Amino acid sequence: MKIGALTEVFPGENRVAMTPDSATQLLKLGHSCCIEAGAGAKAGFSDALYSAAGVTVLPTAADVIAASDVIVKVRGPEAAELGTLAEGQTLISFFWPAQNPELLEAAAKKNLTVVAMDMVPRISRAQKMDALSSMANIAGYRAVIEAGNNFGRFFTGQVTAAGKVPPAKVLIVGAGVAGLAAIGTSVSLGAIVHAFDVRPEVAEQIESMGASFVFLEFEASQDGAATGGYAAPSSPEFREKQLAKFRELAPEMDIVITTALIPGRPAPKLWTEDMVAMMKPGSVIVDLAAERGGNCDMTVPDQKIVTENGVTIVGYTDFPSRMAAQASTLYSTNIRHMLTDLTPKKDGVILHNMEDDVIRGATVAHVGAVTYPPPPPKIAAIAAAKPKEKVKELTPEERRAQEVAAFKAQTRSQVGLLVVGGALLLAVGLVAPASFMQHFIVFVLAVFVGFQVIWNVSHSLHTPLMAITNAISSIIILGALMQIGSGSFIVIVLAALSVFMAGINIFGGFLVTRRMLAMFQKS
């Protein structure tokens with residue numbers, strides 16, 4: 001099949017859906033590639049680089065569409081662009097089917113197969129195709145860079161001869177992919193970072209990255225597993241608690257980065273006008289939800305404004321496009337992985353398997369029909385995070401009673417073993433000769449002492465040298481050495497075999513232990 005990439009017509013869009021590196025990988029799948037002249041120029045990929053990678057550079061979009069079976073784009077097509085596509089072609093791009101029902105119907109009428117990269121299900125196998133996460137990662141990083149560009153101080157604290165500079169305090173609202181990227185960047189720059197999310201299970205992720213989780217005392221916490229990893233609309237009571245917490249934090253924060261989005265809905269308003277008024281002059285708000293109306297009441301999409309009290313609010317909607325080379329590289333890799341799944345035999349033939357969870361989930365139009373919304377994937381998107389059970393604190397009386405009960409149970413067990421063992425020894429002594437009983441009693445006592453020594457070692461401390469089998473092997477070797485000087489040939493052979501086989505177990509334990517210890521050495 002021939003894969004064609006078009007120049008993005010959306011104003012200010014600098015990304016491209018195919019890079020020279022991704023084209024090289026597509027050629028290995030048996031496909032051929034073409035691209036519109038100048039499509040990658042804004043992202044830093046010249047036509048000469050594409051030609052060197054084996055991509056055919058065509059002069060116009062019409063030429064690319066006429067020559068291609070599959071069209072790859074970044075942004076969804078405009079209505080005019082969709083009209084130029086040929087019947088039966090496959091389109092792979094962001095599409096946002098819930099927001100563009102008319103465009104989706106038009107695609108189905110043209111018998112187009114539309115694979116929406118924004119609809120890739122969030123399951124483990126599809127992570128390599130998750131373009132939303134790729135772009136959100138870049139947006140979170142770039143948001144911190146934009147905040148730093150508009151913030152008049154260092155992120156990190158410094159003590160110099162010229163004075164002391166306090167570290168910047170950063171609040172990240174929403175700990176999805178963009179939020180975690182913003183947390184990591186802010187922490188690495190030396191800021192004091194606080195982060196909030198409605199899903200309690202992300203608290204450990206936030207804290208592991210060096211930020212503080214803003215805990216909200218509210219009983220009905222949301223489980224992200226029930227919503228495919230995304231936030232869901234909050235109850236009015238929860239929202240009031242949330243806003244009260246943000247009002248408490250607003251005067252302290254130097255930088256606020258909001259990332260909260262709910263699929264298919266306008267962005268929730270989380271940073272109100274009165275919170276902006278509470279912030280210090282020179283503070284910065286970066287609203288990553290500006291394209292959906294913004295999390296801040298005062299956000300103006302695609303603009304940067306400064307409020308009366310000196311707070312800068314950045315409402316850009318093209319953060320990934322501002323890092324076009326990196327964004328194009330990641331997005332084209334997502335596209336390449338999608339085409340790898342669509343070409344299972346790597347023979348250049350696309351097989352659109354609608355039984356595959358990933359392909360079915362991302363396909364919004366196929367064979368003249370609208371296939372959105374998809375059925376839920378057979379595999380759960382995210383395993384439900386089970387809350388840790390709190391260990392009940394015992395009172396001193398309960399702890400004492402527990403210890404006494406354990407001591408009594410252990411005493412009963414030991415007394416029982418001694419009684420049974422003594423009875424068995426007496427039974428054997430009634431029929432066995434005295435010379436046998438001397439050796440047998442020594443053997444039984446050795447086994448008992450070895451059992452007590454080894455068995456009482458914690459299992460976490462067991463190694464190949466400290467194990468029940470090695471204790472038994474030691475007893476076998478001692479017994480065999482005592483019998484190896486016997487006058488009977490059969491006894492000598494059996495004793496030698498015992499020494500040999502038990503020796504393998506013991507010396508094998510030494511070798512395995514040596515290898516285990518070597519794992520913890522630097523060289």
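Over the ring of which residue does the charged end of Arg322 sit? In this predicted model, the ring is that of Tyr316, with the charged end of Arg322 placed 3.8 Å from the ring centre. A further arrangement of this kind involves Arg75, which lies over the face of Phe10 at 4.0 Å from the centre of the ring.

Pairs between aromatic rings were also examined. With ring centres required to lie within 6.5 Å, the count comes to seven aromatic pairs. One of them is formed by Phe94 and Tyr331, whose ring centres are 5.3 Å apart and whose planes meet at 25°; the pair is therefore stacked, the limit for stacking being planes under 30 degrees apart. Phe94 is located in the loop between β5 (90–93) and α5 (101–109), whereas Tyr331 belongs to helix α11 (residues 324–342). The two residues are 237 positions apart in sequence, and the pair thus links distant parts of the chain. Both Phe94 and Tyr331 are buried. Ring pairs also bring in Trp96, which forms a cluster with Phe94 and Tyr331.

A stacked pair is likewise formed by Phe436 and Phe440, with a centre-to-centre distance of 5.5 Å and an angle of 15° between the planes. Phe436 and Phe440 are separated by about one helical turn because they are four residues apart in helix α14 (residues 434–455). Phe436 counts as partly exposed, at 41% relative accessibility, and Phe440 is also partly exposed, with a relative accessible area of 24%.

The strand architecture includes an open sheet of eight strands, with the order β3-β2-β1-β4-β5-β6-β16-β17 and mixed pairing. The edges are occupied by β3 (56–58) and β17 (369–370); each has a single partner strand, so one side of each is left without a neighbour in the sheet. Within this sheet, strand β1 (residues 2–5) and strand β2 (residues 32–36) run parallel and are joined by four bridges. Gly4 stands opposite Cys34 of β2.

Parallel pairing is also found between strand β9 (residues 169–173) and strand β10 (residues 192–196), which are joined by five bridges. The bridge partner of Ile172 in β10 is Ala195. Together with helix α7 (residues 177–188), β9 and β10 make a right-handed β-α-β unit. Strand β10 also runs parallel to strand β11 (residues 212–213), to which two bridges join it. Ala195, the partner of Ile172, stands opposite Phe213 in β11. A right-handed β-α-β unit is made here by β10, helix α8 (residues 203–208) and β11.

Strand β13 (residues 284–287) is joined by four bridges to strand β12 (residues 255–258), the two running parallel, and Thr258 stands opposite Asp287. Three bridges join β13 to strand β15 (residues 312–314), again in parallel, with Thr312 of β15 as the bridge partner of Val284. In a regular strand, side chains alternate between the two faces of the sheet. In β13, Val284 and Val286 point one way, while Ile285 and Asp287 point the other way, and all are buried.

Contacts of a helical residue were considered for Arg239, which lies in helix α9 (residues 236–249). This residue is partly exposed, with a relative accessible area of 30%. When residues up to four places away in sequence are not counted, Arg239 touches Lys269 and Leu270. The C-alpha atoms of Arg239 and Leu270 are separated by 8.4 Å, the residues being 31 apart along the chain. The side chain of Arg239 reaches the backbone oxygen of Lys269 at 2.5 Å.

Several backbone geometries remain to be described. Most residues other than glycine have a negative phi, and most peptide bonds are trans. The peptide bond from Tyr372 to Pro373 is cis, with omega near 0°, and Pro373 is situated in the loop between β17 and α13 (396–431). Asp302, in the loop between β13 and β14 (304–306), has a positive phi near 65°. Val367 also has a positive phi, of about 50°, and lies in the loop between β16 (363–366) and β17. With a relative accessibility of 59%, Val367 counts as exposed.

Key
Residues numbered from 1 in each chain as written. Predicted model: local features only at pLDDT ≥ 70, side-chain atom pairs only at ≥ 80, totals over all residues. Heavy atoms only, no water. Phe/Tyr/Trp six-rings, centres within 6.5 Å; stacked < 30°, edge-to-face > 60°. Buried < 20%, exposed > 50% of the residue type's maximum accessible area, 1.4 Å probe, protein only. Lys NZ or Arg CZ within 6 Å of the ring centre and 35° of its normal. Pairing = 2+ DSSP bridges. Right-handed = clockwise from strand over helix to strand, strands pointing away. Contact = heavy atoms within 4.5 Å. Polar contact = N/O pair within 3.5 Å; in protein donor to acceptor, adjacent residues only side chain to side chain.
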